[in-house]
Amino acid sequence: GMSILAIYLELVRIAQAEFSDVVTNTTYIGGTSSSPNKLRIALVDGSFMDIWLSADGDYAFHWERRRQTGQMYRWDNAPHYPNVGTYPAHFHDGDESAVAESNLSAVPEAAFREVLEFVRKRLH
């Protein structure tokens with residue numbers, strides 16, 4: 001499969017080409033230039049989204065908006081909530097403690113589009 005870096009590069013391309021109305025900047029956080037830990041997407045309201053992908057399919061899309069609205073949103077598949085119907089996938093809906101089902105695509109590029117559509121709806 002593609003390396004994590006190759007996937008991140010594709011996500012940057014999608015952000016710039018398809019979501020330039022809400023995305024202001026992209027940067028890598030941690031790791032090395034050939035193997036960055038996270039991709040950070042800066043958004044027009046001053047908030048940001050951190051994307052973390054692992055080679056074995058673990059992921060987190062974390063929209064950090066607490067400074068702007070007091071809210072945070074995260075889609076991830078850490079096996080923390082066995083009672084959620086979409087286990088291990090779940091969604092933190094506005095607050096760390098508000099856990100809901102998540103039907104996010106398993107394909108990173110498709111999942112990224114879904115979360116940025118969610119962001120777009122809330123920023124417009």
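Biologist: Buried means under 20% relative accessible area, exposed means over 50%, and partly exposed lies in between, with a 1.4 Å probe and protein chains only; by that rule, is Asp76 buried or exposed?

Modeller: This is a predicted model, in which local features need pLDDT of at least 70 and side-chain atom pairs count only at pLDDT 80 or more, while totals for chains, interfaces and linings use all residues. Residues are numbered from 1 along each chain as its sequence is written, and side-chain values use heavy atoms, with hydrogens and water left out. Because its relative accessibility is 6%, Asp76 counts as buried.

Biologist: Which residue's side chain meets that of Asp76 in a salt bridge?

Modeller: A salt bridge here is a side-chain nitrogen of Lys or Arg within 4 Å of a carboxyl oxygen of Asp or Glu, and the count by this rule comes to nine. The partner of Asp76 also counts as buried, at 16% relative accessibility. With an N to O distance of 3.1 Å, that partner is Arg74.

Biologist: What span should helix α3 have?

Modeller: Helices are DSSP runs of H or I with at least four residues, numbered from the N terminus, and the expected span is 1.5 Å times one less than the number of residues. Helix α3 holds 16 residues, 108–123, and its end C-alpha atoms lie 22 Å apart, which agrees with the expected span of 22 Å.

Biologist: At what angle do the axes of α1 and α3 cross?

Modeller: Two packed helices are described by the angle between their axes and the distance between the axes. Axes are lines fitted to C-alpha atoms, for helices over the stretch in contact (heavy atoms within 4.5 Å), and angles run from 0 to 180 degrees between N-to-C directions. Among the residues that meet are Glu10 and Arg13 in α1, and Phe112 and Arg120 in α3. The axes of α1, residues 4–18, and α3 come within 10 Å and cross at roughly 35 degrees.

Biologist: Which residue of α3 forms a salt bridge with Glu117?

Modeller: Glu117 is partly exposed, with a relative accessible area of 34%, whereas its partner Arg120 is buried at 19%. Being three residues apart in helix α3, the two are separated by about one helical turn, and they are linked with Asp21 in a network of salt bridges. With the closest N and O atoms 3.5 Å apart, the partner of Glu117 is Arg120.

Biologist: Which residue follows Tyr87 across a cis peptide bond?

Modeller: The bond that starts from Tyr87 has an omega of about 5 degrees. The residue joined to Tyr87 by this cis bond is Pro88.
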